[in-house]
Amino acid sequence: MRWRRWPKRFARSSDVALKPFKAPGARLALRSKAANSYLTGDRGGAEVILDISRLLSRAFHPTPTGIDRVEYVYARELLERMPDRLAFAAVHPAGGYYGRLNHAAVRQFLAFTAAKWRNVDSPDERKERAAVIRHMFATRPRPVPKAKGPRIYLQASPHHLDDAAQVGAILRAEGAKFVTLVHDVIPLSHPEFARPQGADEHRRRLRSIDLYATGIIGNSQATLDALEPHLSNGLADRQTCVAHFGADPPDVFGGSGTAIPQRPYFVYLSTIEPRKNHLLLLNIWRRMVDELGDAAPMLVLIGRRGWENENVIDMLERGEALRGHVIEAGELPDNQMQDLVAGARAMLMPSFAEGFGMPVVEALCAGVPVICSDISAHREVGGDAPDYIDPLDGMGWMRMIHAYAAADSPQRAAQLARIGGWHAPTWRDYFDIVAELLEDVTTSVP
């Protein structure tokens with residue numbers, strides 16, 4: 001395995017840029033001609049079977065999670081770059097292996113999914129449900145063809161990884177090596193923030209990875225560092241890489257006509273769950289409203305309600321002092337979400353733990369300042385651009401929010417200047433890194 005220098009576009013924080021990778025064999029590679037030609041099929045390579053179980057299982061949901069988006073981008077980008085060597089497969093929502101999926105049907109399903117997330121036509125619920133059923137029928141399984149060469153089974157979500165027997169059966173049926181993306185290890189590193197059975201479920205997922213994965217893609221070095229102690233032999237005996245998620249252009253969907261608050265406001269884009277630290281922000285807003293009344297800025301919460309969040313929900317539903325000052329926008333289509341983010345004084349991210357922190361990248365790509373918790377994953381992707389505050393420092397957060405709310409805020413102006421020197425990760429670079437890993441896996445000894 002070859003070591004790579006950290007690309008200049010990520011060398012924005014002294015806490016990150018000067019650290020060598022700790023995971024043996026991990027690398028964050030610059031785009032290379034070899035990797036690019038491998039991905040576009042200009043040289044021989046393995047057949048890549050992309051698992052889209054997650055997208056199919058969530059076809060009836062109106063808005064995506066971060067993992068949904070990543071699996072969608074894998075399908076979109078690989079279809080464009082290597083259509084002749086790409087196949088699709090999935091596990092049926094009922095539990096059995098779905099087998100191979102028709103290319104044309106998958107393309108139509110992906111287009112439908114993107115339009116649904118954008119909410120372009122605003123279809124009614126009944127028509128949308130009927131359309132989902134049609135797409136599910138069109139993507140019914142086909143037999144697995146006989147292999148003509150090496151195969152790689154590529155999975156970008158944790159869907160069905162908790163069933164090691166099923167994963168093993170799929171790989172035997174395909175005669176394929178296994179490469180998987182790991183989003184985080186939070187249910188094991190911070191079990192107090194997981195669902196009641198989350199730690200046990202994630203432990204089973206990691207067992208499948210430990211048993212079968214020849215290649216592992218980490219969305220951050222922080223994720224690979226957290227993963228290594230949970231594998232029987234660490235990361236030394238398999239191919240690994242770090243690839244930072246890219247971000248689509250923020251104006252890709254156009255305007256939505258969303259009602260934007262007239263007062264200065266901040267946004268927090270996240271599922272409402274304990275590790276996201278919403279309670280800190282709600283208490284800060286309660287204090288600011290007590291002190292400033294209607295002169296206080298507003299807070300817009302974008303995202304669904306999760307679990308184990310009774311205190312937060314109590315404040316949102318029964319906190320009279322917050323009415324008109326804190327807006328729970330819930331799940332929104334992409335165009336409305338992007339409009340709200342674009343007009344914000346800053347994106348707030350006070351979470352206790354993250355595997356990557358996609359909202360940080362998306363906000364910075366849109367030129368929106370970010371105030372986020374001082375954790376390794378945020379620093380790795382945000383570099384020097386955001387303002388970082390300890391997630392327990394309530395007074396520090398309140399002072400920074402006060403400062404950013406001012407129309408002539410020097411702190412906000414300073415971050416806008418830093419954003420001008422921040423280089424966004426791109427999906428093109430991301431998949432060049434993945435391509436090199438796939439090549440390494442293809443040529444590695446079983």
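Begin with helix 13 (residues 334-342) of this predicted model: select Asp334, Asn335, Met337, Gln338, Leu340 and Val341, which are buried. To see what surrounds them, display helix 4, helix 5, strand 8, strand 9 (298-302) and strand 11 (347-349), the elements against which the buried residues of helix 13 pack. Three of these elements, helix 4, helix 5 and strand 8, return in the stops below.

**Helix 4 and its aromatic partner**

Select Tyr74 and Phe431 next. Their ring centres are 5.0 Å apart and the planes stand at 75°, a value over 60, so the pair counts as edge-to-face. Tyr74 belongs to helix 4 (residues 66-81) and Phe431 to helix 18 (residues 427-443), so this pair ties together parts that are 357 residues apart in sequence. Are these two residues buried or exposed? Both Tyr74 and Phe431 are buried.

Extend the selection to Phe245, Phe356, Trp427 and Tyr430: ring pairs link these residues with Tyr74 and Phe431 into a cluster. Over the whole structure, a search finds 11 aromatic pairs.

**Strand 8 and helix 11**

Another edge-to-face pair is found by selecting Phe266 and Trp285, whose rings lie 6.0 Å centre to centre with 75° between the planes. Phe266 is in strand 8 (residues 265-269) and Trp285 is in helix 11 (residues 278-292), so the pair ties together parts that are 19 residues apart in sequence. Phe266 and Trp285 are both buried.

Remain on helix 11 and add helix 16 (residues 394-405). These helices pack at an angle of about 55°, with their axes 10 Å apart; they are therefore oblique to each other. Their crossing is right-handed. Trp285 reappears here: together with Leu280, Leu281, Ile284, Arg287, Met288, Glu291 and Leu292 of helix 11, Trp285 meets Gly394, Trp397, Met398, Ile401 and His402 of helix 16.

Now replace helix 16 with helix 12 (residues 310-318). The axes of helix 11 and helix 12 come within 9 Å and cross at roughly 30°, and the crossing is left-handed. Which residues form this contact between helix 11 and helix 12? His278, Leu279, Leu282 and Asn283 in helix 11 meet Asn311, Val312, Met315 and Leu316 in helix 12.

**Helix 5 and helix 6**

Select helix 5 (residues 103-118) with helix 6 (residues 125-138). Their axes are 9 Å apart and the packing angle is about 155°, which makes helix 5 roughly antiparallel to helix 6. Helix 5 passes helix 6 in a left-handed crossing. On the helix 5 side, show Ala105, Gln108, Phe109, Phe112 and Lys116; these meet Glu128, Ala131, Val132, His135 and Ala138 in helix 6.

**Charges over rings**

Select Arg69 and Trp117: Arg69 lies over the face of Trp117, at 5.9 Å from the ring centre. Then move to Arg195 and Trp307, where the charged end of Arg195 sits over the ring, 3.9 Å from its centre.

**A buried loop residue**

The last selection is Leu161, in the loop between strand 4 (151-155) and helix 7 (164-174). Why does Leu161 count as buried? Its relative accessibility is 2%, and buried means under 20%, so Leu161 qualifies. Add Arg204, which is 43 residues away along the chain; the C-alpha atoms of Leu161 and Arg204 are separated by 7.2 Å. Leaving aside neighbours within four places in sequence, Leu161 is in contact with Gln155, Val167, Phe178, Thr180, Arg204, Arg205, Ser208 and Ile209.

How values were computed: Residues numbered from 1 in each chain as written. Predicted model: local features only at pLDDT ≥ 70, side-chain atom pairs only at ≥ 80, totals over all residues. Heavy atoms only, no water. Phe/Tyr/Trp six-rings, centres within 6.5 Å; stacked < 30°, edge-to-face > 60°. Helix = DSSP H or I, 4+ residues; strand = E, 2+ residues; numbered from the N terminus. Buried < 20%, exposed > 50% of the residue type's maximum accessible area, 1.4 Å probe, protein only. Lys NZ or Arg CZ within 6 Å of the ring centre and 35° of its normal. Axes fitted to C-alpha atoms, helices over the stretch in contact; angles between N-to-C directions. Parallel < 35°, antiparallel > 145°, perpendicular 65-115°, else oblique. Left-handed = near helix turned anticlockwise from the far one by under 90°. Contact = heavy atoms within 4.5 Å.
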